[in-house]
Amino acid sequence: MRRFRQADWDEPLIFELSRPGRVGFTPPKAEPEVCDAAGDIEELVPQNMLRREPPHLPEVSEVMVVRHYIHLSQMNYGVNSGAFYPLGSCTMKYNPIINEVLASNPGLTELHPEQDESTIQGVLEMMYQLKSWLLEITGMDDGTLQPAAGAHGEFLGCLLIRAYHEDRGEIDVRREIIVPDSAHGTNPASAMMAGFKVVEIPSREDGCVDLEALRSVVGEQTAGMMLTNPNTLGIFESDIVEIARIIHEAGGLMYYDGANLNAILGRCRPGDMGFDIVHLNLHKTFSTPHGGGGPGSGPILVKEFLSDFLPVPTVERGEEGYYLSYDRPKTIGRIHGYYGNVNPMLKAYAYILSMGPEGLKEAAEISVLNANYIARKLMKVRGITLPRAPERPRKHEAVLSASEMERETGVRTLNIAKALLDRGLHAPTVYFPLIVPEALMIEPTETEPLEALDAFIEAIEEISEIAYSKPEEVLSAPRNTAVGRLDEAKAAHPKTLCLSWRMYRERFGGD
């Protein structure tokens, strides 16, 4: 297994490479007639907008800039440069290069959203077709591509629930959104931001929604329920039809968190389960880049009775081509500038087009196979268990626990995660969901071969052996990374936290 020495990755800050007088770029000078026409730039800018002194920028040559940032990029861990990303509930799958090539086409990147509709027919057609495919995949009737991320889509979904009950004159009563205790943290946050009270219900020992607990909290105050299926433990909610019946009979709506759709593509559809609103993460299920702050895409799809509440504009097709429609009499308004993040939409379009129905179904099947392979192997490792109905198969991900290892050796999940970094592997999601102590949440996705899964399993086995023989080696990890073990409390303290070179100079001195 490849290991790196600390010295291999030492890299100064770009400011530490700075030397007075070094120049990396000289902007071209404007022609004299342009300067004469424009006048003195400082006279055009309001005085309160002018700098009192030049910005503190590093003075470096072009070659130093290129070397510095290429080296930093090599220190990054990526799904296309390291081993796989086993982050549970994130679906960090490999992104085909052809999608990136298509999304880089100048025909798309050089368009402006305020162009006349007649000049952007290709983009509008792509968006229209993508929405129709997503509707078919999920079993829904209408939708919007506007939301910029999953949580953004969740918020819109909650606003739609609110608008629906307002239209019926019931919003003053229907103030509660129900979420299970295994829900993603964004679910209750989105509901709260939309003005609802969050009611949490427990899971049964098998990891699924406790139906009796659900019945006990449902009533005329219920606005809806937010649910992921398969749930955050990677277990399919087999009572989903009954759950939907309970909520609907109380007058509430069912909201589907699509973070885990990767597990059921082509196998079953949220719309057939009884969900009224579905959000998807194009940057998870449909293989557009995930992480780094975006851009993401979180479309919202709805049943027909909610269609009028969707944000505007929507892309429609008429006799003369595709156009933007504002004909939504009960719309909640716009939630994103223009049409949404078009770039990831095109990548998802290319992914679905290249995979086809059978390919999407196979992706789900392999992701489930990979997750169960890892779960069955790791639950045999000393100190690792598979809590919550270990006899039941998992779907796309599995949540294991290192609580036994912690009790017997003092080595916690956090230590295992750091020891994985020492072995050139990315750590899985840790300590989530909160209902599993010392949780290790692992999602291998369908893009990883057997060799990658075995390498990860072998690393966990090795860490376990060391934990039970020389625990201090695991407790002191990592030692082979660019940055060693941090004092996490000190790093987060306002008096020691440094977010910029200026803060560092002011606190510790130096040039």
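A salt bridge is a side-chain nitrogen of Lys or Arg within 4 Å of a carboxyl oxygen of Asp or Glu. Arg 267 and Glu 365 fit that description, with their side chains meeting at 2.7 Å, N to O. Welcome to this structure, which is a predicted model. By the salt-bridge rule, the count comes to 23, while a search of the whole structure finds 0 disulfides. Here is a short tour, topic by topic.

**Domains**
- The protein is divided into domain 1, covering 14-82, and domain 2, covering 141-353.
- Between the C-alpha centres of domain 1 and domain 2 there are 43 Å.

**Salt bridges**
- Arg 267 sits in the loop between strand E5 (253-257) and helix H11 (270-273), and Glu 365 belongs to helix H12 (residues 342-378), so their pairing ties together parts that are 98 residues apart in sequence.
- Of these two partners, Arg 267 is exposed at 55% relative accessibility, and Glu 365 is partly exposed at 32%.
- Arg 423 pairs with Glu 462, and their closest N and O atoms are 3.2 Å apart.
- This pair links distant parts of the chain, 39 residues apart: Arg 423 is in the loop between helix H14 (413-422) and strand E11 (429-430), and Glu 462 is in helix H15 (residues 450-469).
- Arg 423 is buried, with 9% relative accessibility, whereas Glu 462 is partly exposed at 26%.
- Glu 212, Arg 215, Glu 242, Arg 245 and Glu 249 are joined into one network by salt bridges that share partners.
- Within that network, the side chains of Arg 215 and Glu 242 meet at 3.1 Å, N to O.
- Arg 215 comes from helix H9 (residues 211-217) and Glu 242 from helix H10 (residues 240-249), so this bridge ties together parts that are 27 residues apart in sequence.

**Cysteines**
- Cys 158 is buried, at 0% relative accessible area, and its sulfur is 20 Å from the closest cysteine sulfur, in Cys 90, which is too far for a bond.
- Cys 208 is in no disulfide either, as the nearest cysteine sulfur, that of Cys 268, is 13 Å away.

**Surface patch and Leu 13**
- Tyr 94, Ile 97, Ile 98, Val 101 and Leu 102 make up a nonpolar surface patch, and together they have about 450 Å² of accessible area.
- Tyr 94 is placed in the loop between helix H3 (62-75) and helix H4 (97-103), and is partly exposed at 33% relative accessible area.
- Leu 13 lies in the segment before helix H1 (32-38) and is partly exposed, at 47% relative accessibility.
- Not counting residues up to four places away in sequence, Leu 13 touches His 68 and Trp 501.
- Leu 13 and Pro 58 are 45 residues apart in sequence, and 9.8 Å apart from C-alpha to C-alpha.

Key
Residues are numbered from 1 along each chain as its sequence is written. This is a predicted model: local features need pLDDT of at least 70, side-chain atom pairs count only at pLDDT 80 or more; totals for chains, interfaces and linings use all residues. Side-chain values use heavy atoms; hydrogens and water are left out. Patches are made of residues with over 30% relative accessible area and no salt bridge: like charges are joined within 9 Å, nonpolar side chains (Val, Leu, Ile, Met, Phe, Trp, Tyr) within 5 Å. Accessible areas come from the Shrake-Rupley method with a 1.4 Å probe; for residues, only the protein chains shown count as cover. Helices (H or I, at least four residues) and strands (E, at least two) are DSSP runs, numbered from the N terminus. Buried means under 20% relative accessible area, exposed over 50%, partly exposed in between (1.4 Å probe, protein chains only). Contact means heavy atoms within 4.5 Å. A disulfide is a pair of cysteine sulfur atoms within 2.5 Å. Domain bounds come from an automatic or database domain assignment.
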